[in-house]
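User: Could you take a close look at one helix in this model and walk me through how it sits among its surroundings? I'd enjoy a connected account rather than a list.

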Amino acid sequence: METPQYLRRLMFGMMAELRYVGILPPLRTPHHPLRKKAEELEPGEVREGLVLSSVRDAYLVDIGVDKPIRVRGRPPSPTGRATVRIIKSGSQPEGIFIDREEVEVYWGFEIHQYRGSVGRLAVEGGFDLAIATSRYGVPYPIVEGQLRGSWRRSRRILIAFGSPRRGLKELLKGEGLTLEEAFHYTINTIPNQGCETVRTEEAVYATLALLNLLEAG
C-alpha cells in the first residue's frame, strides 16, 4: 500500500498473493500523486520513482508520468526506488535525487524488520515513550490527559500491538517481563470490545485514530 500505485507493477511484478493489489486506490498522500503527464510537472514538485537506466551524466527514472525523465545526482540504488525533486519543467522535465528526510511533508511510512523480542525492543530500543495496547490496559479516556503530556515531550515513540493468538501480556510473560516493566503506559483503546481478540489491523486503526488527537489537541 505504501508504494505509489504507478510503481507497484514495476517493483513487485506478477505474484499470486498480490493478484488484486492493482485495484487498491492510491492513499492520496503527497507521495501518491495522480498527475500523469510529464509536461504538467512543476519545479519543486517531489515524486517517488524507479531508476531504469543510466544515460551519460544522468539517470532515466519512471516517476509515474507518460515517459521517464532525466534525473541528476546519485540514486540510493542504481536500479531501485528513489525520491526525486523536479528542477525543470516543460516537454523535457528534469530532476535531482534527494533524501526522504529533505521532504517537508508526510512522505509515507517505512517498514523495518526487528529480529529480537518485543520486550527487548521496548526496554532497550531507546524510546522516549513506549505504549502497549492491551485489553488488560487502562481505558484510553482515563489516561488521555496524562498521556498527552508524555506524548508531547517525546520524540521517539513506540506503540506495540499483540498478535491474534497472543497478546502483549502473554508475549512478555515468555520473556519474564510484565507490561509495567516494559512499557510506560498500557492502554485499552477498544474497551468493551465484545470479542476475545481484535484483529491487529483493526487495533492499529482504532489506536492511531485516538493517538492522532494528542497531536491535534
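Analyst: Happy to; what follows starts with helix H3 and then moves outward to its neighbours and some other side-chain details. Please keep in mind that this is a predicted model.

Helix H3 covers residues 140-153. Its 14 residues, at 1.5 Å a residue, should span 20 Å, and the end C-alpha atoms are 19 Å apart, so the length agrees with expectation. The helix is not straight throughout, though: H3 bends by about 45° at Gln146.

Which residues of H3 are buried? They are Tyr140, Val143, Leu147, Ser150 and Trp151. The spacing of such a set is worth a thought, because an α-helix has 3.6 residues a turn and residues three or four places apart therefore point the same way. As for what lies over these buried residues of H3, the cover includes E6, strand E7 (157-160), strand E8 (185-188) and helix H6 (200-216).

Trp151 makes a good place to zoom in. This residue of helix H3 has a relative accessibility of 10%, and because buried means under 20%, Trp151 counts as buried. Leaving out residues up to four places away in sequence, Trp151 touches Leu129, Ile131, Ile157, Ile159, Leu211, Leu214 and Glu215. With Glu215 there is also a side-chain polar contact, at 2.9 Å. By contrast, Val123 lies 28 residues from Trp151 along the chain, and the C-alpha atoms of these two are separated by 18 Å.

Next comes strand E6, which is part of the cover over H3. E6 runs over residues 129-139 and holds Gly137. Gly137 is buried too, at 13% relative accessibility. Beyond its neighbours within four places in sequence, Gly137 is in contact with Thr186, Ile187 and Asn188. The C-alpha atoms of Gly137 and Tyr185 are 8.2 Å apart, with their positions 48 residues apart along the chain.

Two charged side chains sit over aromatic rings. The charged end of Lys169 is placed over the ring of Tyr136, 4.3 Å from its centre. Arg156, in turn, lies over the face of Phe127, at 4.6 Å from the ring centre.

Pairing between aromatic rings is a separate matter, and the structure holds 1 aromatic pair. Its members are Tyr59 and Phe97, whose ring centres are 5.8 Å apart; their planes meet at 70°, so the pair is edge-to-face. Since Tyr59 belongs to strand E2 (residues 58-62) and Phe97 to strand E5 (residues 94-98), the pair ties together parts that are 38 residues apart in sequence. Is each partner buried or partly exposed? Phe97 is buried, with a relative accessible area of 12%, while Tyr59 is partly exposed at 21%.

Finally, a word on backbone angles. Most residues other than glycine have a negative phi. Asn192 has a positive phi of about 55° although it is not a glycine. Asn192 is found in the loop between E8 and H6, two of the elements named in the cover of H3, and it is exposed at 80% relative accessibility. Arg56 likewise has a positive phi, near 55°. Arg56 is placed in the loop between strand E1 (46-55) and E2, and its relative accessible area of 88% makes it exposed.

How values were computed: Residues numbered from 1 in each chain as written. Heavy atoms only, no water. Phe/Tyr/Trp six-rings, centres within 6.5 Å; stacked < 30°, edge-to-face > 60°. Helix = DSSP H or I, 4+ residues; strand = E, 2+ residues; numbered from the N terminus. Buried < 20%, exposed > 50% of the residue type's maximum accessible area, 1.4 Å probe, protein only. Lys NZ or Arg CZ within 6 Å of the ring centre and 35° of its normal. Contact = heavy atoms within 4.5 Å. Expected span 1.5 Å × (residues − 1). Bend = angle between axes of the 7 residues up to and from the residue. Polar contact = N/O pair within 3.5 Å; in protein donor to acceptor, adjacent residues only side chain to side chain.
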